[in-house]
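Subject: Structure for your review

Dear colleague,

I am passing on the structure we spoke of, and I would be grateful if you read the notes beneath it with the coordinates open.

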Amino acid sequence: MGEPNGALIAGESTFVWMDRIGAIEGPDDGYGLEDHLDEALAQGADLFQFVVYDLPNRDCAALASNGELRIANGGFERYKNEYIKGISDVISQQKYQGIRIVAVIEVDSLPNLVTNLDEADCQEANGPGGYRDGIQYALNELAKIPNVYSYVDIAHSGWLGWPNNFSPAVALIAKVVKSTDKGWQSIAGFASNSANYTPVQEPYLPNPDLQVGGQPVRSASIYEWNAYFEELRFVQDWRAAMISEHGAPSSIGMLIDTGRNGWGGPDRPTGQSTSSDLNTFVNESRIDRRVHRGNWCNQAGGVGYRPQAAPASGVDAYVWIKPQGESDGISDPNFALDPNDPAKQHDPMCDPNKYNVDNGAVGTGALDDAPHAGRWFPEAFKILVDNAYPPL
Ligand code: BGC
């Protein structure tokens with residue numbers, strides 16, 4: 001609200017991130033989980049949304065959001081006995097019974113076990129006391145609270161969209177859900193695009209197999225043969241695969257984080273390109289303006305669809321999971337530690353002067369002068385609001 005133009009979005013709901021054990025109690029001068037819920041009660045709200053985000057070896061394939069718990073250091077015990085217990089003790093109180101509590105479970109975690117097992121931290125997270133055990137435990141505990149609706153994170157289409165990633169990811173995540181005490185009954189569904197920038201739709205590229213210059217659009221450099229350019233078809237196909245291949249009930253629904261994937265502003269295309277050169281055609285048509293779809297840190301996106309229920313078939317809601325104006329990671333390689341979160345590091349993907357880790361031909365696209373992940377980044381907030389689509 002205090003930020004210029006903050007009032008334009010201050011009335012919309014975002015998620016509260018429980019990103020360390022200390023966040024449950026909260027800082028002396030800020031809100032903890034109970035304060036947030038009491039505020040919801042005071043406002044007469046019927047919905048509260050938060051992110052469960054403190055697995056041991058958190059953010060195993062990157063550095064910006066490394067967490068306080070380590071598997072080798074008894075992290076799983078602390079996750080259970082201090083973190084999940086702390087959360088459950090607060091949210092299970094009778095006074096909150098009338099509030100629907102939505103929990104997004106552990107952003108990027110299980111997807112890292114699909115594609116990043118070449119990283120030692122992820123390998124360890126794939127074993128005992130790691131991500132699978134942690135999520136199973138979290139779901140078991142949250143499922144004991146009748147007014148909690150858990151949605152397990154599934155990354156986004158620009159990460160898991162290739163068939164070689166999609167099917168193993170669906171299988172792995174289904175297995176973890178089915179390993180819980182209540183099986184499919186322990187979740188309400190899945191959440192995609194958490195803290196990412198992938199658009200809900202690519203309105204001018206509806207057909208990934210369209211031929212341009214003798215090649216399908218999905219073979220363009222930016223798509224690298226990934227046929228999912230957008231979250232909507234990705235989450236609908238994900239849901240369908242869970243139902244048809246893994247026995248999920250048709251009641252499961254999907255969430256899409258639309259906080260930063262609007263891609264409006266002056267550079268937004270207004271129609272399909274007429275170029276016969278494939279890459280020119282795609283680059284002039286796509287609304288996702290990133291130079292690489294793997295660029296995840298502090299991109300100059302725009303606020304997307306406002307939070308809304310049942311916006312499309314199979315989708316429970318568009319939601320704002322990552323609050324606009326909070327950094328994805330610190331840009332300066334010569335950074336000072338964050339006193340609240342000393343495990344957070346500088347990730348090269350947050351350095352505007354570095355190249356994308358997977359493609360040395362393109363930059364990271366990250367904004368400069370960014371503070372540590374989760375810290376307030378006013379320049380980013382302004383860009384997101386200015387480039388909102390639909391406009392604010
Ligand atoms: C950070 C968290 C923060 C969250 C939301 C994550 O990248 O690691 O500390 O709460 O983003 O801004």
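The notes below take the ligand site, then one helix, then the aromatic pairs.

This is a predicted model, in which local features need pLDDT of at least 70 and side-chain atom pairs count only at pLDDT 80 or more, while totals for chains, interfaces and linings use all residues. Residues are numbered from 1 along each chain as its sequence is written, and side-chain values use heavy atoms, with hydrogens and water left out.

Around the ligand, taking residues with a heavy atom within 4 Å of it, are Trp17, Asp19, Tyr53, Ser65, Lys322, Glu326, Lys344, Ala373 and Gly374. By class this shell has 3 nonpolar, 2 polar and 4 charged residues, where Ala, Val, Leu, Ile, Met, Phe, Trp, Tyr, Cys and Pro count as nonpolar, Asp, Glu, Lys and Arg as charged, and the others, Gly among them, as polar. Oxygen atoms of the ligand lie 2.4 Å from a polar side-chain atom of Asp19, 2.5 Å from a side-chain N or O atom of Glu326, and 2.6 Å from a side-chain N or O atom of Lys344. The ligand taken alone exposes 320 Å², of which the protein buries 93% (Shrake-Rupley areas with a 1.4 Å probe).

Helix H6 covers residues 131-142 (helices are DSSP runs of H or I with at least four residues, strands runs of E with at least two, numbered from the N terminus). Its 12 residues reach 16 Å from first to last C-alpha, close to the 16 Å expected at 1.5 Å a residue, a span reckoned as 1.5 Å times one less than the number of residues. Among the buried residues of H6 are Tyr131, Ile135 and Leu139 (buried means under 20% relative accessible area, with a 1.4 Å probe and protein chains only).

The structure holds 14 aromatic pairs (ring centres of Phe, Tyr or Trp, the last by its six-membered ring, within 6.5 Å; planes under 30 degrees apart count as stacked, over 60 as edge-to-face and the rest as tilted). Phe166 and Trp238 are edge-to-face, because their centres are 5.7 Å apart and their planes at 80 degrees. Since Phe166 lies in helix H8 and Trp238 in helix H9, this pair ties together parts that are 72 residues apart in sequence. Phe166 is buried at 10% relative accessible area, and Trp238 is buried at 0%. Tyr197 and Trp263 form a tilted pair, 6.5 Å centre to centre with 55 degrees between the planes, and both are buried.

Best regards

Notes
Polar contact = N/O pair within 3.5 Å; in protein donor to acceptor, adjacent residues only side chain to side chain. Buried < 20%, exposed > 50% of the residue type's maximum accessible area, 1.4 Å probe, protein only.
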